[in-house]
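Student: I want to know what stands behind the labels people put on a structure. Can we go through them one by one?
Tutor: Yes. Look at it first, then ask.

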Amino acid sequence: MQKLLDTSGAARPTGSPPQRELFRVPGGVFKGRLAALYMSSTSAIKLIYSDYPHESWSSPQIIVSNSNDSPFSAYMDGSGNIHLVYTDSSKDIKYLEITFASGAWTAGSAVAVVTVDDNYNPFFLIDADENFWCLFVNHNTSGDSKYYVRAKISEDKGTTWGTGPTDPGTALSSGSADIAYVSGCRIGSRVYVVYADGRSSLKYRVYDLLNEIWDTEYSIYSGNYIDDDFDIAVSGDGKLGVTFAVSGENKLYFKEYDGSSWSGVIEVETVLSRSPQIAYFENIPHIFFARHPGNNYCILRKAIKSGSGFTVSDYAPSIGIFDKVFVYDDSASTEYQDKTDEASSETSGDVFHSESSALLDGIEDCLYLGKQSRFYCVAIVLSTAGAGGTVVWEYFDGEDWKRFTPDSGAYHFDSSDKLVYLWEDSESIASDWQVTKVNNQSAYWIRIRVTAGFSTKPIGSQIIAAAKGDDLALVREGA
Amino acid sequence: MSTTIDYLKSNRKWLVRDYVVWGDNGTFGADMIMTESVSGDDRIVFSHEFTGETAQTVFFQDLVDHRGNNLPENIKNPGIVLIPRNPGSSFILGSIGERSFRIARNSNQLSNSVVDLLIMEMN
């Protein structure tokens with residue numbers, strides 16, 4: 001199920017992959033309730049919540065109205081309270097507790113964590129001694145202009161951080177000209193801080209709560225380029241799992257630390273992938289990510305550890321390549337041609353009927369898009385945009401083809417890159433859309449039929465059921 | 001409001017016989033939010049999927065009652081009673097939606113469960 005919650009003009013409405021924005025209440029009367037935080041504009045952070053099956057959500061409530069337009073992070077404790085850290089309009093890091101009571105959340109007053117220089121990409125966690133931690137990236141504008149990963153601790157539930165807001169905290173990295181990204185977790189009496197530094201390495205440091213000392217800096221991986229496309233999780237048996245995308249290698253990796261040694265690097269995906277999220281379920285790592293098949297569109301995928309590798313499949317049945325794509329030329333000797341493989345790839349100009357040399361041409365020519373599940377969006381990339389023609393969009397309602405206007409508006413194959421929302425989301429798909437057979441293939445079919453011939457014939461490059469998704473934020477259990 | 005129609009539509013019940021429960025409760029609710037870039041303001045989208053091949057989501061519209069009639073797509077405020085038809089144990093997972101619900105058998109049992117579903121529109 002994919003449901004549209006809101007729209008936003010913020011740079012990154014759902015944050016950055018190492019951060020946390022979606023939570024599940026762990027117990028009590030409201031167990032299972034989801035709470036989502038997101039940037040609804042360039043300055044506002046809002047909260048909404050929903051109960052299973054999440055078909056309806058609460059009205060958004062404003063939590064912060066003076067945020068900088070940059071990613072924030074939060075944490076849900078075992079009572080359902082949410083702890084939010086964000087960069088405000090002065091580029092200071094602020095902490096805010098959002099108290100959960102009687103099924104609703106109420107925001108408290110913001111407390112300054114750090115006001116030195118400019119600060120970004122905060123991350124919050126609570127350690128085994130119930131100290132609050134804020135990890136963040138400090139841009140040393142008053143000094144060497146480098147970006148440092150820093151940590152500050154509050155021993156009084158967020159009232160005071162370190163020795164106060166002008167205390168810059170502990171520097172964990174040695175500084176880089178490029179912005180860093182940071183995440184963290186606790187395992188027993190240790191706090192692990194994992195960060196991407198200098199766009200070329202993923203590193204970590206460990207704080208021992210018993211001895212109150214930081215371990216030295218270690219490298220997890222080095223490569224071009226490692227930015228914020230990484231995430232970490234802790235298994236039930238105390239292992240640290242790390243997944244990270246290296247865009248210079250077009251690969252997604254996984255490594256695991258058992259407390260004494262690291263596993264080897266395991267390839268999860270071997271094409272460009274972004275925004276990985278990891279969680280352990282029954283001590284098995286599950287990784288969710290956005291695979292990029294080309295043209296900036298993405299297909300959500302899930303990878304589940306199996307043996308020494310991962311089994312990878314589509315995350316949602318409504319998103320992915322089409323199971324069948326037919327081009328139909330009404331005047332051709334062979335009317336239907338199967339272009340399923342060609343439509344799935346980004347190869348330029350290979351989706352056309354061989355007799356018309358066009359994706360669509362004269363009246364009654366059709367493009368059929370079929371999937372075993374209902375779908376709500378279609379990404380269409382053309383090598384040649386059409387001109388002069390018109391089409392109608394139709395689905396099969398069990399008796400006949402039913403014409404409809406896509407939710408994103410009419411599209412007549414007259415622009416070369418178009419994301420067509422057939423319906424607003426998967427919850428809005430026409431309820432009478434039925435499976436039928438086209439060219440002896442059963443599927444949920446969308447038929448795009450020419451009603452006025454094209455003067456310039458469109459030629460296709462890539463046609464998939466996908467959107468331009470990014471910044472996945474996987475649900476985290478309150479703890 | 002039509003009292004007659006309201007009366008006829010309220011408190012409807014359906015009995016679905018011999019429903020096979022194969023899903024188990026060993027599934028992971030992989031919920032997430034994400035950003036979809038479009039021209040203009042970006043879309044914030046919630047995704048709800050279960051991982052694993054064992055999740056069993058039942059849609060009302062896919063069920064047929066003991067008289068041979070399809071159930072409606074939407075049932076307002078539904079309640080469900082499971083009537084065991086074999087020794088296996090089954091249960092509803094989470095809340096019941098107006099279009100669907102999740103059902104599971106005990107993860108420790110090897111065979112599927114068979115139940116009758118008594119579905120009621122509570123209104």
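Tutor: Start with a cut-off: a residue is buried when its relative accessible area is under 20%, exposed when over 50%, and partly exposed in between. Keep in mind that this is a predicted model.

Student: How many residues of chain B count as buried by that rule?
Tutor: Chain B has 123 residues, and 46% of them count as buried. The surface that chain B exposes is about 6200 Å², with 50% of it supplied by carbon and sulfur atoms.

Student: What elements does chain B have?
Tutor: There is 1 helix, and there are 8 strands. Read from the N terminus, the order is α-β-β-β-β-β-β-β-β. Contacts in chain B add to this picture: of those between residues at least 6 apart in sequence, 66% join residues at least 24 apart.

Student: On to chain A. Why is Pro71(A) called buried?
Tutor: Its relative accessible area is 7%. The limit for buried is under 20%, so Pro71(A) counts as buried.

Student: Where is Pro71(A), and what does Pro71(A) touch?
Tutor: Pro71(A) sits in the loop between strand E5 (61-64) and strand E6 (73-76) of chain A. Leaving out residues up to four places away in sequence, Pro71(A) touches Arg12(A), Gly15(A), Ser16(A), Gln19(A), Asn121(A) and Pro122(A). Thr14(A) is 57 residues from Pro71(A) in sequence, yet the C-alpha to C-alpha separation is 7.6 Å.

Student: Why is the contact between Glu394(A) and Arg447(A) called a salt bridge?
Tutor: The rule asks for a side-chain nitrogen of Lys or Arg within 4 Å of a carboxyl oxygen of Asp or Glu. Here the closest N and O atoms are 2.8 Å apart, and the pair forms a salt bridge.

Student: What makes that pair a tie between separate parts of chain A?
Tutor: Glu394(A) lies in strand E32 (residues 390-396) and Arg447(A) in strand E36 (residues 441-452), so the pair ties together parts 53 residues apart in sequence. Both Glu394(A) and Arg447(A) are buried.

Student: Which salt bridge does Arg449(A) form?
Tutor: Arg449(A) forms one with Glu394(A), again with the closest N and O atoms 2.8 Å apart. Arg449(A) belongs to strand E36 and Glu394(A) to strand E32, so this pair ties together parts 55 residues apart in sequence.

Student: How do you know whether Arg449(A) and Glu394(A) are buried or exposed?
Tutor: Compare each value with the 20% limit. Arg449(A) has 11%, so Arg449(A) is buried. Glu394(A) has 4%, so Glu394(A) is buried.

Student: How do you know that Glu269(A) and Arg301(A) meet in a salt bridge?
Tutor: Their N to O distance is 3.8 Å. The limit is within 4 Å, so the value meets the rule. This pair links distant parts of the chain, 32 residues apart: Glu269(A) is in strand E23 (residues 266-269) and Arg301(A) in strand E26 (residues 297-306) of chain A. Glu269(A) and Arg301(A) are both buried.

Student: How many salt bridges does the rule give over all chains?
Tutor: The count comes to 30.

Student: Why is Asp156(A) called partly exposed?
Tutor: Its relative accessible area is 31%. Partly exposed lies between the buried limit of 20% and the exposed limit of 50%, so the label fits Asp156(A). Asp156(A) is placed in the loop between strand E13 (147-154) and strand E14 (170-171) of chain A.

Student: What makes the patch with Asp156(A) negative?
Tutor: Asp129(A), Glu155(A), Asp156(A) and Glu212(A) form the patch. Asp and Glu count as negative, so the patch takes that sign.

Student: What is notable about the backbone of Lys91(A)?
Tutor: Lys91(A) is not a glycine, although its phi is positive, about 65 degrees. Lys91(A) is in the loop between strand E7 (82-87) and strand E8 (93-101) of chain A. With 28% relative accessibility, Lys91(A) counts as partly exposed.

Student: Why does Ser357(A) count as partly exposed?
Tutor: Its relative accessibility is 42%, so Ser357(A) falls between the two limits. Ser357(A) lies in the loop between helix H1 (340-344) and strand E30 (366-371) of chain A.

Student: Which residues does the cis peptide bond with omega of about 5 degrees join?
Tutor: That bond joins Tyr52(A) and Pro53(A).

Notes: Residues numbered from 1 in each chain as written. Chains lettered and ligands numbered in written order. Predicted model: local features only at pLDDT ≥ 70, side-chain atom pairs only at ≥ 80, totals over all residues. Heavy atoms only, no water. Patch = residues over 30% accessible without salt bridge, like charges linked within 9 Å, V, L, I, M, F, W, Y side chains within 5 Å. Areas by Shrake-Rupley, 256 points an atom, 1.4 Å probe, with all protein chains shown as cover. Charge placed at Lys NZ, Arg CZ, Asp CG, Glu CD. Helix = DSSP H or I, 4+ residues; strand = E, 2+ residues; numbered from the N terminus. Buried < 20%, exposed > 50% of the residue type's maximum accessible area, 1.4 Å probe, protein only. Contact = heavy atoms within 4.5 Å.
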